[in-house]
Structures are given as C-alpha cells and as structure tokens.
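Here is a short briefing to read beside the structure. Keep the sequence and the 3D view open as you go.

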Amino acid sequence: MTVLSQFVPLEMYFQKNPSEGLVQSGRTLARYTGFHCGGKADFFCDIYDIEGLKNVVMFCNIHSITLNVLGFGTNVLIADEGICGAVVRLTGLPFLLCERLDEARFRVGSRVSLQKLIGVTCKAGLSGCEWLVGIPASLGGAVRLNAGAYGHDICESVESITVMKPDGCLHTIDLSQRLTGYRQGPCEPDEILVYADMAFSADDVSAISERMTAISAERKRKIPPGRHAGCVFKNPPSIPAGKLLDELGCKGIAQQGACVSIEHANIIVNKSNAGSSDILTLIERLINKARSERNIELELELTIWR
Ligand SMILES: Cc1cc2nc3c(=O)[nH]c(=O)nc-3n(C[C@H](O)[C@H](O)[C@H](O)COP(=O)(O)OP(=O)(O)OC[C@H]3O[C@@H](n4cnc5c(N)ncnc54)[C@H](O)[C@@H]3O)c2cc1C
C-alpha cells in the first residue's frame, strides 16, 4: 500500500521545476478514460520533458511505487476506489514530435495520436498505418498493446523503440530483438515508451486515401459511438470474441448503466453513469457465460488498473 505522504518530495520537486511537469493529484482520472469512470491515483502528474520523466521514474523505482503511464485512456478501466501509486501522462513537446528522418522513416513521440500519424504519412505518400484509421490511441498506448485492425498492426511499421527504464536511462531497442504478437507490443512492463522510429512504404496518396475511406466507413457501421474502450476481450483462437458473445445472446445485457453494445457484442458501453465496478461485474458475467456455455476462456484485451 502506498503511503500518500511518500509523494511530498516529488510534489515539491515539480513545484520548484514547473517546466518539467504539473502535479494534479486531486483529480479523478475518469475524464481521461474512454469509459469516463474510475477514481483518483495517489499521485497524478503531467510530464513535460525527459528530465521530469526521469525524476518520477527514479523516485518510484527507489520507493518501490507502482508507476502507470496513461496514454489517451482508450483501453484502460480504472477502479472506482482509485489506484495506489503514480499515474503520469507524457504531455510535453518531446513526446509530441513527429519528425521525418528520411524518405520513408519517421521518429514519432509517444503522445502523437494515431490520427495525426496517419494524416502525416498519408499526405507524404507513405503506406503502413492507414489500416489503423479510427483507433483513438496515442502512439505509446498503441505500440504497448500492438493495436491493430484489418489484419495489420502498428508494430509492422516500427523499426525501433526508445524507452525509459526504471533506472531513468533511455535505451533504444531494435524491434528484431523483441517478440511482438496479437495485442502484444514490444515494451517490457516497466519500460516507458518515449518515441518510436517507424518505416513506411511509398504508395499513391489517392490509393492510401481510398483504403482509409473504406475502413472508416466500415468502422462507423461496426463500432458504436459513446463511452467505451473498444474491444473488451481478445479473440480466442476458435472464434472472434464478438461473434461468440453475440451467439450467446449477450448484446444488450446490462449491469446498472453499463451495457453490452447492440452493434458489437465485444464492446461494453457506459450508457448512464456506470461505475467501474458495474463494468467489472458485467465483464465477469460474460466470462462466466463463455466458460459455462462454450467452455471458452475469454482473455481481457482491456487494461484494468486497481
Ligand atoms: C472507439 C474505439 C475503437 C477502438 N478500436 C481499436 C482497434 O480497432 N484495434 C485496437 O487494437 N484497439 C482499439 N481500441 C482500443 C484502444 O484504442 C487501443 O488499445 C489503444 O492502443 C490504446 O491507446 P491509448 O493511448 O488510449 O492507451 P491507454 O489506454 O492510455 O493505455 C493502454 C496501455 O498502454 C500503456 N501505455 C500508454 N502509453 C504508454 C507509454 N508511453 N509507454 C508505455 N506504456 C504505455 C498504459 O500504461 C496501458 O497499459 C479502440 C478503442 C476505442 C475507444
């Protein structure tokens, strides 16, 4: 259990060095997540530069405090009671860079949105990440989880990642040295992605745009609007999770304000002020149903912080 007073030195550090970050621990994190629910973290800070990140990382490491990085919060569910430890968002300029390295390669900061990256690369006639159009992620969150759609994932285009390790040092790791897979990115749990070098292939701008338009239209049909975090479960090998839950009659099942989407059975929507506990209960019900009626163990795609 983290003792709140443990964070006083860190708060004082950021008060003295406001260019490195801003502490805002009193705030609930609900507004920063796709589900719009969940409590506070013991320590919550926007980090503006590498030095600020280094200080938090080393402090948490020395004091054995759990450190979580929040990207755009479109995959996390935060417990109503809040979470022990520190949560940081990397919001400063070094994390927002999107720099062209040569004809086909970009260096992309962890807080660059996929939407921006796709726009920039498409305009430059570079193909590789247009398949991900419509995923409301930051680069850091997307690489961490190897976000993907339509048979492609982000790590196909990543050459190397530069991460901060618990000792506060930056390390650049070639992706050939790390295993990636279905929703399995290349970062170790204690590594924070600072930027990634990405390589794309030349293609006709109009061909890339056409693919994006077709994908956007299909996503609009399939993905419901509202407060949610995309797919809750990974697809089991035998059947897509959405199809399985649809066959089990789960669409529309509700737990207080949380409801399995009518459009997509692998998505839970926060329809009317559901708490995280309602969503967790609903998740449990779906897992039990798949287990008892089909003998299938559903595995979470969603990240849960408690
Ligand atoms: C409408 C909608 C559609 C979606 N469609 C898809 C889809 O088609 N395919 C798909 O794969 N996902 C989809 N998602 C889920 C979600 O967008 C992805 O999982 C995305 O990768 C999460 O990115 P994020 O920036 O929101 O990360 P967050 O939700 O903030 O964080 C997710 C995880 O990544 C970690 N993380 C974040 N930043 C960093 C960093 N810099 N360094 C290390 N770890 C970090 C966090 O600690 C956390 O463990 C969808 C979600 C929504 C709401």
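The points below cover the ligand and its surroundings, then a sheet, then a hairpin.

This is a predicted model. A ligand sits among 33 residues, and the protein covers 92% of the ligand's own accessible area of 980 Å². Elsewhere, four strands form an open sheet, and strands β11 and β12 form a hairpin.

**Around the ligand**

- Start with the nearest residues: of the 33 around the ligand, these are Val 69, Gly 71, Thr 74, Ser 138 and Gly 148.
- Sorted by class, the shell holds 16 nonpolar, twelve polar and five charged residues.
- Four elements each supply at least two shell residues: α4 (139–145), β9 (148–149), β13 (192–199) and β18 (303–305).
- Helix α4 gives the most, with five residues.

**Polar contacts with the ligand**

- Look at Gly 148: a backbone N or O atom of this residue lies 2.7 Å from a nitrogen atom of the ligand.
- Arg 144 uses its side chain: an N or O atom there is 2.9 Å from a nitrogen atom of the ligand.
- Gly 141 uses its backbone: an N or O atom lies 3.3 Å from an oxygen atom of the ligand.
- With the ligand in place, the protein covers 92% of the 980 Å² that the ligand exposes on its own.

**The four-stranded sheet**

- In what order do the four strands of the open sheet lie? The order is β1-β2-β5-β3, and the pairing is mixed.
- Two strands form the edges, β1 (21–23) and β3 (67–69), and each pairs on one side only.
- Neighbouring strands in this sheet are turned by 25° against each other on average, ignoring direction.
- β1 and β2 (residues 41–47) run antiparallel, joined by three bridges.
- Find Gly 21, then look across to β2: the bridge partner is Ile 47.
- Helix α1 (residues 8–16) packs on the sheet and touches β1 and β2. The direction of α1 makes about 25° with that of β2.
- A general point helps when you view any sheet: in a regular strand, side chains alternate between the two faces.

**The β11–β12 hairpin**

- Strands β11 (residues 158–164) and β12 (residues 170–174) pair in the antiparallel sense, over five bridges.
- Which residue of β12 stands opposite Val 163? His 171 does.
- Five residues lie between the two strands of this hairpin.
- Within the turn, Gly 168 has a positive phi of about 85°.

Key
Residues numbered from 1 in each chain as written. Predicted model: local features only at pLDDT ≥ 70, side-chain atom pairs only at ≥ 80, totals over all residues. Heavy atoms only, no water. Pairing = 2+ DSSP bridges. Near = heavy atom within 4 Å. Polar contact = N/O pair within 3.5 Å; in protein donor to acceptor, adjacent residues only side chain to side chain. Areas by Shrake-Rupley, 256 points an atom, 1.4 Å probe, with all protein chains shown as cover. Nonpolar A, V, L, I, M, F, W, Y, C, P; charged D, E, K, R; others polar. Axes fitted to C-alpha atoms, helices over the stretch in contact; angles between N-to-C directions. Contact = heavy atoms within 4.5 Å.
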